[in-house]
Amino acid sequence: VRIGGNALPEVFPDSELEEEILVLNNSWTLKFARGGPELPGSIQLNELDWITKLGDSRLDRFAGLMRYENSFEFSSLEAASNLFIDLGELSSSAQVFINGELIGTSIQAPYMLSIPKKVLRQGDNQLVIEIATLADNRIRYLDRSGTPWRIFKDINFRSLEYGEFDASDWPISNYGLKGPVRLLSGN
């Protein structure tokens, strides 16, 4: 089975996806759970995109854990024998919670997880997707601002060319959830 040009991982060896049940294209709440150099406040997103594309320069230097929250109505629990959540495009691994229960961690494309029917409720369901950034944008910011961060005592921290390490010219990496996030059914 192929989705978006990618073969499904081995966790779905006998599954055949039949139908897109729901696309979560309503408003999302993005919260910054922990990290720095500062924690931005919650952001309402009408459309999913990389945090570095949201027009807030603080997000170009953020490193930490982000939490995307949404809710969806679901009424066809009996209709599909297998249910899946497709996270679309995202920057790194993601942990997915439905109604407070961890349904799994997705670490590579296609970012898709099986949804146990027992976690779903008829009607309103709460979805949380947690994504952690890497530290490269933060390190870039620290070197650009002249903030000391290399506090190693017993290490010779050098660049690949064995010169002075400097990340100030690194490009900004895109982080977050770009989506689209979809619910799929299969056999």
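**Close-up views of a predicted model**

**View 1. An open sheet of six strands.** In this predicted model, 6 strands form an open sheet, following one another in the order β5-β4-β6-β12-β9-β10, and their pairing is antiparallel. The edges are taken by β5, at residues 43-45, and β10, at residues 101-106; each has a single partner strand, so one side of each is left without a neighbour in the sheet. On average, and with direction ignored, neighbouring strands of this sheet are turned by 25° against each other. As a general background to this view, the strands of a sheet pair through backbone hydrogen bonds, either parallel or antiparallel.

**View 2. Strand β4 and its pairing with β5 and β6.** Strand β4, which covers residues 28-36, is joined to β5 by 3 bridges, and the two strands run antiparallel. One residue to look for here is tryptophan 28, whose bridge partner in β5 is leucine 45. Together β4 and β5 form a hairpin, with 6 residues between the two strands. With strand β6, at residues 63-74, β4 pairs in the antiparallel sense over 7 bridges, and in this pairing lysine 31 has arginine 67 of β6 as its bridge partner.

**View 3. Strands β9 and β12, and the loop after β9.** Strand β9, made up of residues 94-98, runs antiparallel to strand β12, made up of residues 123-132, and 5 bridges join them. Phenylalanine 97 can be followed across to β12, where its bridge partner is valine 128. In the loop between β9 and β10 lies asparagine 99, a residue other than glycine that nevertheless has a positive phi, near 50°. For comparison, most residues other than glycine have a negative phi, and most peptide bonds are trans. Asparagine 99 counts as buried, because its relative accessibility is 16% and the cut-off for buried is under 20%.

**View 4. Two cis peptide bonds that lead into prolines.** The peptide bond from glycine 36 to proline 37 is cis, with omega near 20°, and proline 37 lies in the loop between β4 and β5. A cis peptide bond is also found from alanine 109 to proline 110, here with omega near -5°. Proline 110 has its place in the loop between β10 and β11, the latter being residues 112-115.

**View 5. Aromatic rings that pair with one another.** The count of aromatic pairs in the model comes to 3. One of them is formed by phenylalanine 32 and phenylalanine 62, which meet edge-to-face, at 5.0 Å centre to centre and with 75° between the planes. This pair links distant parts of the chain, since phenylalanine 32 belongs to strand β4 while phenylalanine 62 belongs to the loop between β5 and β6, 30 residues apart. Both rings belong to buried residues: phenylalanine 32 has a relative accessibility of 8%, and phenylalanine 62 has one of 1%. The rings of phenylalanine 165 and tryptophan 170 have their centres 5.8 Å apart and their planes at 90°, so this pair is edge-to-face as well. Phenylalanine 165 counts as buried at 14% relative accessibility, whereas tryptophan 170, with a relative accessible area of 29%, is partly exposed. Ring pairs also bring in a further residue, linking Trp149, Phe165 and Trp170 into a cluster.

**View 6. Arginine 61 over the ring of tyrosine 141.** Arginine 61, a residue of the loop between β5 and β6, lies over the face of tyrosine 141, at 4.8 Å from the ring centre. With a relative accessibility of 18%, arginine 61 counts as buried. When residues up to four places away in sequence are not counted, arginine 61 touches Gly36, Pro37, Glu38, Asn137, Arg138 and Tyr141. Two of these names return from View 4, where the bond from glycine 36 to proline 37 was described as cis.

**View 7. Helix α1 and the glycine that follows.** Helix α1 covers residues 136-145, and its buried residues are Asp136, Asn137, Ile139, Arg140, Leu142 and Asp143. In reading such a list, it helps to recall that an α-helix has 3.6 residues a turn, so residues three or four places apart point the same way. Just after α1 comes glycine 146, which takes a positive phi of about 75°.

How values were computed. Residues numbered from 1 in each chain as written. Predicted model: local features only at pLDDT ≥ 70, side-chain atom pairs only at ≥ 80, totals over all residues. Heavy atoms only, no water. Pairing = 2+ DSSP bridges. Helix = DSSP H or I, 4+ residues; strand = E, 2+ residues; numbered from the N terminus. Axes fitted to C-alpha atoms, helices over the stretch in contact; angles between N-to-C directions. Buried < 20%, exposed > 50% of the residue type's maximum accessible area, 1.4 Å probe, protein only. Phe/Tyr/Trp six-rings, centres within 6.5 Å; stacked < 30°, edge-to-face > 60°. Lys NZ or Arg CZ within 6 Å of the ring centre and 35° of its normal. Contact = heavy atoms within 4.5 Å.
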